[in-house]
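Here is a friendly walk through one protein chain, written for someone who has not met it before. Have a look at the sequence and the model, then read on.

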Amino acid sequence: MTQLGRNDLCHCGSGKKYKKCCLDQDQQAQREQHSSFPNQEPGNSTQWQERIEHTESPQKFRKLIGKLNWPTEAQYQLADELFMALYAENNLKSLIVRGCLMETLLLWNNFCNLNSPSFRKPGGYKAALEYFFLTEFGMLVTQADLATKHGVSVSSLSNNLRRLEDFFEEYGTENDNLAALTSSNKVEEMTAYSELEHEKMLRKIQKLMESQDHEGLEDAQNFLALQLNNSELLRNDSPISLEEKAYELMIRAESETSLAKKKKLISQARELDPNNVDALLMLSKLATDISEAIKLANSAMTYARDELGEDFFVQNKEYFWGMVETRPYMRSKELYAKLVYTSGRISAACEQYEQLLALNPNDNQGIRYSLLLCYLELERFEQAEQLLQSYANEGSTEFQYGKLALEYLQNGETANLTFLYKLARKQNRHVPAYLLGKKTLPSTQPQYMTPGDINDAVQYVDSHENLWARLYGLVEWMRKQA
């Protein structure tokens, strides 16, 4: 297609200007060319195109880094410097470690192609990527140590890590560039882990570490690296107990596309383990009645909490997500909060979100966005301000438009409102069109989004519809700004 200017006539023949017709659609198509996103169910290894052969030697790995598509030279230089250093510093005999290194590289490549991150100093992203890589296979490391290593602040590492993790949760690491570069020879493949499979792997690693007495952090790291050389160590785990057999059934149910078969697997799992949290959660998600869904999610949360015990919450507050045994509780509590919010009990949902954030301030689940919405709807302005300050470097659509809404609710039409509106539009220029009624929301939600794109706007407006229905004065003010 000939490159069109924004004000040229659209190529579709509508007679409209390109910017008012197919520009957004074409830009989305260009983004999809850079990276493919998994549409199949988790656990399908055909999605992972013989990745590990590229890590067999540093020469092969560097060659791969050079062949991947990098939007800027700075992004490529960061990849070359960091990943070759990680290759040299870590024991790459382990299939798991090699798979995690490849996964982290593809995360960075996809992140660059879709978000085009710019940075004056690469240390912040280097530290975040190294932390992501090391913790993926269970290495014990602190953010403070890596921040010092790369000459950046802990907050810089944490903020960049949050961006990468949010991106990873949304898109994974599927990569068309790698698929095109991969040879047809059969090699060992790294399994694509579903959520439950990933937690299973983390549980094994944690159990392995707890089986030994370690003299210090370095000793623990050396032990873990040595044990990971045995690629079969984490695979030979035939379920023995009824609970383990039920867990295996839930892993199968998670990837089952047939509703009837999924329900049958859930039923079988509950026969073996009546209090299986994941079975209750899956039934809650499948429920068509909101009251039944809430009841099931609450039961899952209660069972998960009882399993941990009250003392565990006191001793491990603020570090919850880092321990894999907490994940069922955190997932069930998040689902319960969302369902309670949907039922109209905003204060009750707010309480659940606050508790989740207190247990895990690093917020791997993205709870802060839901909590901010609750605060704004409940007009708890002081708490909304405190939450925004707690994540001062947050640049999401939710936070930028949240600041705009908060200013209007507190102070009305002020000069600061104009400034905040400019910042919000800079983050996502598509949101006002939906709020002002110039565009209508699609009948189905987009399967993926990039921060700042039109799908991001659709998701934001859809989830914040009730809030903005009350902000009709602000909407009219926005209409005048146009």
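Is Phe83 buried or exposed? Phe83 is buried, because its relative accessible area is 0%; buried here means under 20% relative accessible area, exposed means over 50%, and partly exposed is in between, using a 1.4 Å probe and protein chains only.

Before going further, a word on the model. This is a predicted model, where local features need pLDDT of at least 70 and side-chain atom pairs count only at pLDDT 80 or more, while totals for chains, interfaces and linings use all residues. Residues are numbered from 1 along each chain as its sequence is written, and side-chain values use heavy atoms, with hydrogens and water left out.

**The whole chain**

The chain has 25 helices and 0 strands. Both are DSSP runs numbered from the N terminus, with helices being H or I of at least four residues and strands E of at least two. Of its 482 residues, 49% count as buried. Take the contacts (heavy atoms within 4.5 Å) with a separation of 6 or more: 66% of them join residues 24 or more positions apart.

**Two cores**

A nonpolar core is a set of buried Ala, Val, Leu, Ile, Met, Phe, Trp, Tyr and Cys residues joined through side-chain atoms within 4.5 Å. The largest one holds 69 residues, and the members touching the most others are Phe320, Tyr329, Tyr353, Leu404, Trp468, Leu474 and Met478. A second, separate core has 39 residues, including Phe61, Ile65, Ile96 and Phe133.

What does Trp468 contact, leaving aside its neighbours within four places in sequence? Tyr401, Leu404, Leu435, Tyr460, Leu474, Val475 and Met478 are its partners.

Back to Phe83, which sits in helix α3, residues 73-89. Not counting residues up to four places away in sequence, Phe83 touches Phe61, Ile65, Leu101, Thr104, Leu105 and Trp108. Phe61 is 22 residues from Phe83 along the chain, and their C-alpha atoms are separated by 8.7 Å.

**Two helices that cross**

Now look at α17 (residues 346-359) and α18 (residues 367-378): their axes come within 9 Å and cross at roughly 145 degrees. Such axes are lines fitted to C-alpha atoms, for helices over the stretch in contact, with angles from 0 to 180 degrees between N-to-C directions. Residues of α17 that meet α18 include Ile346, Cys350 and Tyr353, and among their counterparts in α18 are Ile367, Leu371 and Cys374. By class, this contact has 11 nonpolar, 2 polar and 3 charged residues. Ala, Val, Leu, Ile, Met, Phe, Trp, Tyr, Cys and Pro count as nonpolar, Asp, Glu, Lys and Arg as charged, and the others, Gly among them, as polar.

Leu357 lies in α17 and is buried, with a relative accessible area of 10%. Leaving out residues up to four places away in sequence, Leu357 touches Asp363, Ile367, Arg368, Leu371, Leu387 and Tyr391. The C-alpha atoms of Leu357 and Phe320 are 9.8 Å apart, with their positions 37 residues apart along the chain.

**Two loop residues with positive phi**

Neither of the residues below is a glycine, and each has a positive phi.

| Residue | Phi | Loop | Relative accessible area |
|---|---|---|---|
| Ser116 | near 45 degrees | between α4 (95-115) and α5 (123-136) | 45%, partly exposed |
| Glu318 | about 85 degrees | between α15 (310-316) and α16 (327-342) | 47%, partly exposed |
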